[in-house]
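Subject: Structure handover

Hello,

Here is the structure for you to look through. My notes on what turned up follow below.

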Amino acid sequence: NAQELDAWTRIDAGARYATKIEGRPTTFRATVQNVFDREYWSGVASYGAFSPGSPRTLQLSATVDF
């Protein structure tokens, strides 16, 4: 257990928009993870393997209340 990683910072951003569609409450969400698309190691497994961090990722979702 002598593996060490340099410190890193990952910037994420998100937004949501709430509205009504045909009278039903609806929320749209967008999230960008790793906004600046930095390469980084996210962790070290117990057996010493390094895990690469995720590249820039966009997630979109919508919820509708019935």
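β1 and strand β2 (residues 24-33) pair in the antiparallel sense, over 9 bridges. The model is predicted, so please read everything here in that light. Arg-16 stands opposite Arg-29 in β2. Strands in a sheet pair through backbone hydrogen bonds, either parallel or antiparallel.

The wider sheet has 3 strands. Their order is β1-β2-β5, the sheet is open, and the pairing is antiparallel. β1 (13-21) and β5 (57-64) stand at the edges. Each has a single partner strand, so one side of each is left without a neighbour in the sheet. On average, neighbouring strands of this sheet are turned by 10° against each other, direction ignored.

How many of the 9 residues of β1 are buried? The number is 0, so β1 lies largely in the open. Buried here means under 20% relative accessible area.

Next, the backbone. Most residues other than glycine have a negative phi. Two residues to look at are Glu-22 and Asn-34.

- Glu-22 is not a glycine, yet it has a positive phi of about 50°. Glu-22 is found in the loop between β1 and β2. The hairpin of these strands has 2 residues between them. Glu-22 is exposed, because its relative accessible area is 79% and the cut-off for exposed is over 50%.
- Asn-34 also has a positive phi, near 60°, and is a residue other than glycine. Asn-34 sits in the loop between β2 and β3. Is Asn-34 buried or exposed? Asn-34 counts as buried, because its relative accessibility is 2%.

Now the side chains. A search of the whole structure finds 1 salt bridge. Which residues make the salt bridge? The side chains of Arg-10 and Asp-12 meet there, at 2.8 Å from N to O. Side chains of opposite charge can pair when their charged atoms come close. Arg-10 is partly exposed, with a relative accessible area of 29%. Asp-12 is partly exposed as well, at 37%.

The same kind of search, over the whole structure, finds 2 aromatic pairs. In one pair, the rings of Trp-41 and Phe-50 have their centres 5.7 Å apart. Their planes stand at 55°, so the pair is tilted. Over 60 degrees would count as edge-to-face, and under 30 as stacked.

Trp-41 lies in strand β3 (residues 41-44). Trp-41 is partly exposed, with a relative accessible area of 47%. Phe-50 is partly exposed too, at 34%.

Both rings turn up again on the surface. Leu-5, Trp-41, Val-44 and Phe-50 make a nonpolar surface patch. The patch covers about 340 Å². Why can Trp-41 and Phe-50 count towards a patch? Patch residues need over 30% relative accessible area, and Trp-41 has 47%. Phe-50 has 34%, so Phe-50 passes that cut-off as well.

To recap, these are the places to open in the viewer:

- the hairpin of β1 and β2, with Glu-22 at positive phi;
- Asn-34, buried, in the loop between β2 and β3;
- the salt bridge of Arg-10 and Asp-12;
- the tilted pair of Trp-41 and Phe-50, with the nonpolar patch that includes both.

Best wishes

Terms used
Residues numbered from 1 in each chain as written. Predicted model: local features only at pLDDT ≥ 70, side-chain atom pairs only at ≥ 80, totals over all residues. Heavy atoms only, no water. Patch = residues over 30% accessible without salt bridge, like charges linked within 9 Å, V, L, I, M, F, W, Y side chains within 5 Å. Areas by Shrake-Rupley, 256 points an atom, 1.4 Å probe, with all protein chains shown as cover. Salt bridge = Lys/Arg side-chain N within 4 Å of Asp/Glu carboxyl O. Helix = DSSP H or I, 4+ residues; strand = E, 2+ residues; numbered from the N terminus. Pairing = 2+ DSSP bridges. Axes fitted to C-alpha atoms, helices over the stretch in contact; angles between N-to-C directions. Phe/Tyr/Trp six-rings, centres within 6.5 Å; stacked < 30°, edge-to-face > 60°. Buried < 20%, exposed > 50% of the residue type's maximum accessible area, 1.4 Å probe, protein only.
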